Amino acid sequence: MILINLLPHREAARKRRKDMFNVGLGLSALTGVVIAGLIYLWYLNEMSSQQDKNQILRAEISNFDNQIKEIAGLESEIAALRARQQAVEDLQADRNMPVHLLTELVRQLPEGVYINSMRQDGQSVALQGVAQSNERVSELLRNLSTQSMWLTRPELVEIVAGSVNVTPRDQRRVANFKINVKLLRAGEVGGNPPAAAASASAANAVVASTAPAAK
């Protein structure tokens with residue numbers, strides 16, 4: 001017996017395929033929404049985690065800044081303490097400098113030379129005096145350059161011919177001089193600098209060049 005389907009099977013098949021397509025499309029959309037939601041939640045979780053990490057980093061940076069400020073304050077305090085310590089040490093070392101200065105002047109002044117005035121400014125000493133001749137001034141410069149432990153770098157500022165009255169009828173020619181010299185501290189004593197010999201040579205040359213004026 002032959003059965004003949006007279007129903008519109010093509011329309012039914014088309015409808016069935018359309019329904020399946022719609023179902024698949026809906027499932028795909030639902031799957032996409034679920035995946036997008038999961039990705040969004042994952043990003044939110046990562047952002048929250050990163051914000052927590054950033055907050056921790058900011059707190060640590062703030063702590064480090066405070067520590068740096070404390071260290072800077074300690075360094076400034078240490079520098080101030082060292083400066084005070086150095087000042088105290090310098091005062092202790094410099095308290096005997098006038099004694100050394102007077103002692104060295106007594107030792108190094110040759111005969112025929114005496115000091116009129118002396119002014120000390122720190123380690124610089126300005127001497128003014130009178131000598132019987134230019135040769136005496138040159139000898140004084142040599143002594144200060146090579147034989148003194150506490151005095152160094154003598155510099156002849158000027159030498160001028162003058163005269164003194166020994167008696168009312170006896171007038172003698174002298175050399176008025178000005179010399180700058182450096183007074184060493186206790187920690188610097190141990191030998192004159194190499195420049196001392198050069199200073200002495202230069203001073204001798206100046207004395208020699210002014211010799212005719214002082215005769």
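**Entry 1: β1 and β2**

I began with the pairing of strand β1, residues 113–121, with β2, and found it antiparallel over 8 bridges. The model is a predicted one, which I keep in mind for every entry here. I looked up two of the pairs between these strands. V113 has A131 in β2 as its bridge partner. Q120 stands opposite V125 in β2. I then checked the hairpin of β1 and β2, where 2 residues lie between the strands and G122 takes a positive phi near 70 degrees.

**Entry 2: the other strand pairs**

I went on to β2 and β4, which also pair in the antiparallel sense, over 8 bridges. In this part I noted that S124 stands opposite K182 in β4. For β3 and β4 I found antiparallel pairing over 13 bridges. L151 has L183 in β4 as its bridge partner. I recorded β3 and β4 as a hairpin with 2 residues between the strands.

**Entry 3: the sheet**

What is the order of the strands in the sheet? I read it as β1-β2-β4-β3, an open sheet of 4 strands with antiparallel pairing. β1 and β3 are the edge strands, each pairing on one side only. I noted an average turn of 15 degrees between neighbouring strands of this sheet, direction ignored.

**Entry 4: helices on the sheet**

I looked up what packs on the sheet. α2 does, touching β1, β2, β3 and β4, and its direction makes about 160 degrees with that of β1. α3 lies across β1, β2, β3 and β4 as well, and runs at about 155 degrees to β3.

I then took α3 by itself. This helix has 13 residues and reaches 18 Å from its first C-alpha to its last, close to the 18 Å expected at 1.5 Å a residue. Which residues of α3 are buried? I listed N134, V137, S138, L140, L141, N143, L144 and S145. Next to this list I wrote a reminder: an α-helix has 3.6 residues a turn, so residues three or four places apart point the same way.

**Entry 5: the nonpolar core**

I looked up the largest nonpolar core, which has 20 residues; V137, L151, L156, F177, I179 and L183 touch the most other members. At least two residues of this core come from each of α2 (97–108), β2 (124–131), α3 (134–146), β3 (151–167) and β4 (170–183). The largest share, 5 residues, is from β4.

I followed L183 further. Apart from its neighbours within four places in sequence, L183 is in contact with M97, L101, Q120, Q123, V125, W150 and L151. L151 in this list is a residue I had already met as the partner of L183 in a bridge. Q120 and V125 I had already met standing opposite each other.

**Entry 6: two single residues**

Is Q108 buried or exposed? Q108 is found in helix α2. I count Q108 as buried, because its relative accessibility is 6% and the cut-off for buried is under 20%. Leaving aside neighbours within four places in sequence, I found Q108 in contact with L140, N143, L144, Q147 and S148. Of these contacts, L140, N143 and L144 are on my list of buried residues in α3.

R153 I looked up for its backbone. R153 has a positive phi of about 55 degrees, although it is not a glycine. R153 lies in strand β3. With a relative accessible area of 39%, R153 is partly exposed.

**Entry 7: aromatic rings**

How many aromatic pairs does a search of the whole structure find? I got 1. The ring centres of W42 and Y43 are 5.0 Å apart and the planes stand at 70 degrees, so I entered the pair as edge-to-face. W42 is partly exposed, with a relative accessible area of 48%. Y43 is partly exposed too, at 47%.

**Entry 8: the chain as a whole**

I closed with the totals. The secondary structure comes to 5 helices and 4 strands. Along the sequence I read the pattern α-α-β-β-α-β-β-α-α. The chain has 215 residues, of which 20% count as buried. I also looked up contacts between residues at least 6 apart in sequence: 64% of them join residues at least 24 apart.

Technical notes:
Residues numbered from 1 in each chain as written. Predicted model: local features only at pLDDT ≥ 70, side-chain atom pairs only at ≥ 80, totals over all residues. Heavy atoms only, no water. Core = buried A, V, L, I, M, F, W, Y, C linked by side-chain atoms within 4.5 Å. Buried < 20%, exposed > 50% of the residue type's maximum accessible area, 1.4 Å probe, protein only. Contact = heavy atoms within 4.5 Å. Expected span 1.5 Å × (residues − 1). Pairing = 2+ DSSP bridges. Axes fitted to C-alpha atoms, helices over the stretch in contact; angles between N-to-C directions. Phe/Tyr/Trp six-rings, centres within 6.5 Å; stacked < 30°, edge-to-face > 60°.
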